[in-house]
Amino acid sequence: MLKETDGKQEHILVCLSSAPSNTKIIRTAARMAEAFQGNLTALYVETPDFAVMEDANKKRLEANTHLAKSLGASIETVQGDDVPYQIAEFARLSGVTKIVLGRSAASRHRIFRRPTLTDRLIASAPNVDIHIIPDRATNNLYHPRHARKSMPSFKITDVLKSTTILSLVTLMNILLFALGFTDANIIMVYILGVLVTAILTTHQIYSIVSAALSVILFNFIFTQPRFSLHAFDAGYPITFAVMFLAAYITGSLAIRLKDNARQSAQSAYRTRILFDTDQLLNRAENQDEIIAILAEQLIKLLNRDIIIYRKNRDSLEAPAVFTVDGHETPALLTCEERTIAEWVARNNQHAGATTDIFPDSPCLYLAIRINQRVYGVVGIATRGEKLDSFENSVLLSMLGEGALALENEKNAREKEEAAILAKNEQLRANLLRAISHDLRTPLTSISGNASILLSGEESIDESVRRQLYQNIHDESLWLINLVENLLSVTRIEDGRMNLNPSTELIDEIIDEALRHVGRRSTNHRIIVEKEKDYTLVHADAKLIVQVLINLIDNAVKYTPQESDILITVAEHSGVAHISVADNGPGVPDDAKEKVFEMFYTGAAHASDGRRSLGLGLCLCRSIVNAHGGTISVRDNIPTGAVFEFTLPSEEVSIYE
């Protein structure tokens with residue numbers, strides 16, 4: 001089976017129409033796309049004939065479009081009255097390699113005939129293969145209605161414009177005639193007036209009437225005999241006919257240029273809305289922003305009220321209504337309307353106004369979807385008017401962009417939740433691993449010392465026996481301190497740490513912390529220095545005691561015996577600064593930002609060889625931050641580290 005041609009994937013284009021045979025053409029193109037394993041695009045060129053298309057033909061066109069979509073085709077719509085040119089340009093820009101048409105567009109083998117769609121398409125796209133599918137038998141009874149210029153509604157402004165232009169042109173020609181200019185110059189001025197009329201008025205009938213009146217005025221005023229409708233020169237009838245045709249053709253071309261300019265401006269506006277929608281949705285941060293942006297852009301495109309139901313698992317949430325004028329529209333919020341929206345969400349199909357399903361609804365409901373996954377339902381107040389094909393094409397593209405944005409937001413949220421879950425699982429794993437490793441040593445020591453005491457307490461000297469008791473006591477205190485830190489960290493991570501701040505004397509907090517440090521600090525000199533005799537802080541005393549215990553215990557563990565540990569208290573600008581300084585090995589620069597992270601232990605080892613879980617400093621940071629303070633570490637000159645944290649201070653009032 002042929003898959004590619006010259007290394008390029010096949011792109012097959014089938015043209016949509018309201019012809020009965022179009023079904024056969026679409027199926028043939030779909031089979032070709034499947035055989036070549038290429039892309040299939042169904043293109044509809046919307047011409048002025050679409051406005052006068054009969055309802056039966058419109059329904060047939062919708063059915064053909066739905067068939068193409070069900071066969072995997074991408075539906076595209078372009079606007080213009082030059083169908084071959086629009087098809088050729090789309091094929092060139094989209095990289096189409098094959099075009100599939102019906103035979104009704106081919107030659108009729110007549111002697112005098114206009115170039116057919118196929119002839120003109122071959123001339124416009126010579127590098128594209130064009131496949132003609134026989135369909136003449138099925139199209140014998142198909143005669144689509146062509147658009148005709150309807151008579152315009154009477155507009156006094158257009159009549160005044162036309163009359164003014166014709167009057168000015170006539171006055172100018174009278175002046176030129178008096179100056180001796182020829183009839184050719186006068187005729188050109190009249191043609192210019194018809195062209196200006198065609199540009200400034202809203203319908204071609206004004207330029208046609210202006211052309212006819214120009215011929216009559218030229219005959220009446222400037223031909224012999226003057227001021228009569230007779231012309232003695234035999235060539236004047238030809239002059240009148242050429243003048244009328246020239247005026248009519250120039251006016252018609254001006255009207256066509258205006259129509260093309262209007263269509264181009266409308267297409268550019270809709271394309272700009274689609275482009276802006278894509279950019280705005282990419283910057284949206286949550287679902288509410290996505291829904292609001294999508295509704296705002298749909299209102300810009302359609303100028304109609306919008307109602308959007310967001311889908312949450314298997315049900316629809318409460319609707320969000322967005323109106324053009326900002327007024328409430330209770331007709332869009334009835335139970336019947338919600339029932340239609342739920343049907344659309346379940347079946348992934350259009351329903352409501354202008355469809356065969358719930359046609360009495362005031363809204364057209366469409367799914368915000370990607371393939372078969374529905375993220376919501378949008379309702380559009382149709383006001384009894386059906387969307388044109390180009391509006392519908394842009395609308396579906398915008399809904400697709402909205403669904404993609406909702407999917408990306410959902411994926412990002414799930415990815416973030418998965419990352420948090422993975423981080424929590426990693427924290428649990430690290431915690432269990434650290435606990436299992438670090439609890440083994442003190443528990444083994446406690447168990448061994450207790451076993452020695454149980455097996456031969458009478459035979460052991462009093463001093464050795466007391467040492468064993470002391471070891472059991474120290475290891476138990478270490479375990480208690482570890483468990484306290486674990487419980488505190490757990491409460492903080494769960495958001496259950498409740499502060500009970502009060503005005504406290506910092507000296508009492510430091511004294512309480514020193515009493516809890518225990519025997520481990522007996523071989524270190526702990527010095528307390530204060531700038532003021534009394535320093536009051538607004539804090540939870542119990543938690544700040546835990547902070548000081550952890551900082552002092554950290555200094556004891558990582559400094560040699562007989563070292564000095566300096567605790568200083570200072571107050572500046574309503575903030576109390578408490579620091580714990582040691583003369584140990586210090587903290588490397590690359591580790592200063594990490595020492596307050598959970599489970600970070602660094603490369604240094606405690607003086608007694610016991611590992612740390614890396615919870616103490618993390619707990620200190622959490623407690624200090626909860627009080628609105630900060631904690632940091634810096635180098636102690638010449639050696640060691642200084643851990644400093646801040647707390648809000650209170651004024652001291654002394655009465656004598």
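At what angle do the axes of helix 15 and helix 16 cross? They cross at roughly 145 degrees and come within 9 Å. The legends below describe this crossing and other close-up views of a predicted model.

**View 1. The whole chain, for orientation.** The protein chain contains 16 helices and 20 strands. Of its 656 residues, 42% count as buried. When contacts between residues at least 6 apart in sequence are taken, 70% join residues at least 24 apart.

**View 2. Helix 15 against helix 16.** The crossing of these two helices is left-handed. On the side of helix 15, the residues that meet helix 16 are Leu543, Ile544, Gln546, Val547, Asn550 and Leu551. Their counterparts in helix 16 are Gly616, Leu617, Leu619, Cys620, Ile623 and Val624.

**View 3. The largest nonpolar core.** This core has 38 residues, and those that touch the most other members are Leu548, Leu551, Phe643 and Phe645. Several elements give two or more residues to the core: helix 14 (506–517), strand 16 (536–539), helix 15 (541–557), strand 17 (564–572), strand 18 (575–581), helix 16 (616–626), strand 19 (631–635) and strand 20 (641–650). Helix 15 supplies the largest share, 10 residues. Apart from this core lies another, of 29 residues, which includes Ile290, Ile291, Ile299 and Leu395.

**View 4. Contacts of Leu551.** Residues up to four places away in sequence are not counted here. Leu551 then touches Val580, Leu617, Cys620, Phe643 and Phe645. Two of these, Leu617 and Cys620, are among the helix 16 residues that meet helix 15.

**View 5. Leu364 and its surroundings.** Leu364 is found in strand 12 (residues 363–370). With a relative accessible area of 8%, Leu364 falls under the 20% limit and is therefore buried. Outside its neighbours within four places in sequence, Leu364 is in contact with Ala351, Ala353, Thr354, Thr355, Val378, Gly379, Ile380, Thr382 and Leu387. One of these partners, Ala351, is 13 residues from Leu364 in sequence, and their C-alpha atoms are 6.1 Å apart.

**View 6. Aromatic residues and a charge over a ring.** Phe177, Tyr190, Phe218 and Phe222 form one aromatic cluster. The count of aromatic pairs comes to five. Elsewhere, the charged end of Lys98 sits over the ring of Phe36, 5.0 Å from the ring centre.

**View 7. Gln37, in a loop.** Gln37 is placed in the loop between helix 1 (22–36) and strand 4 (39–46). Although Gln37 is not a glycine, its phi is positive, about 55 degrees. The relative accessible area of Gln37 is 41%, so this residue counts as partly exposed.

**View 8. Asn303, in a loop.** Asn303 lies in the loop between helix 9 (287–302) and strand 8 (306–312). Asn303 is not a glycine, yet has a positive phi of about 55 degrees. Its relative accessibility is 42%, so Asn303 is partly exposed.

**View 9. The peptide bond between Ile637 and Pro638.** Ile637 and Pro638 are joined by a cis peptide bond, with omega about 10 degrees. Pro638 is found in the loop between strand 19 and strand 20. Both of these strands give two or more residues to the largest nonpolar core.

How values were computed:
Residues are numbered from 1 along each chain as its sequence is written. This is a predicted model: local features need pLDDT of at least 70, side-chain atom pairs count only at pLDDT 80 or more; totals for chains, interfaces and linings use all residues. Side-chain values use heavy atoms; hydrogens and water are left out. A nonpolar core is a set of buried Ala, Val, Leu, Ile, Met, Phe, Trp, Tyr and Cys residues joined through side-chain atoms within 4.5 Å. Buried means under 20% relative accessible area, exposed over 50%, partly exposed in between (1.4 Å probe, protein chains only). Helices (H or I, at least four residues) and strands (E, at least two) are DSSP runs, numbered from the N terminus. Contact means heavy atoms within 4.5 Å. Rings of Phe, Tyr and Trp (its six-membered ring) pair if their centres lie within 6.5 Å; planes under 30 degrees apart count as stacked, over 60 as edge-to-face and the rest as tilted. A charge sits over a ring if NZ of Lys or CZ of Arg is within 6 Å of the ring centre and within 35 degrees of the ring normal. Axes are lines fitted to C-alpha atoms, for helices over the stretch in contact, and angles run from 0 to 180 degrees between N-to-C directions. A crossing is left-handed if the near helix is turned anticlockwise from the far one by less than a right angle, and right-handed if clockwise.
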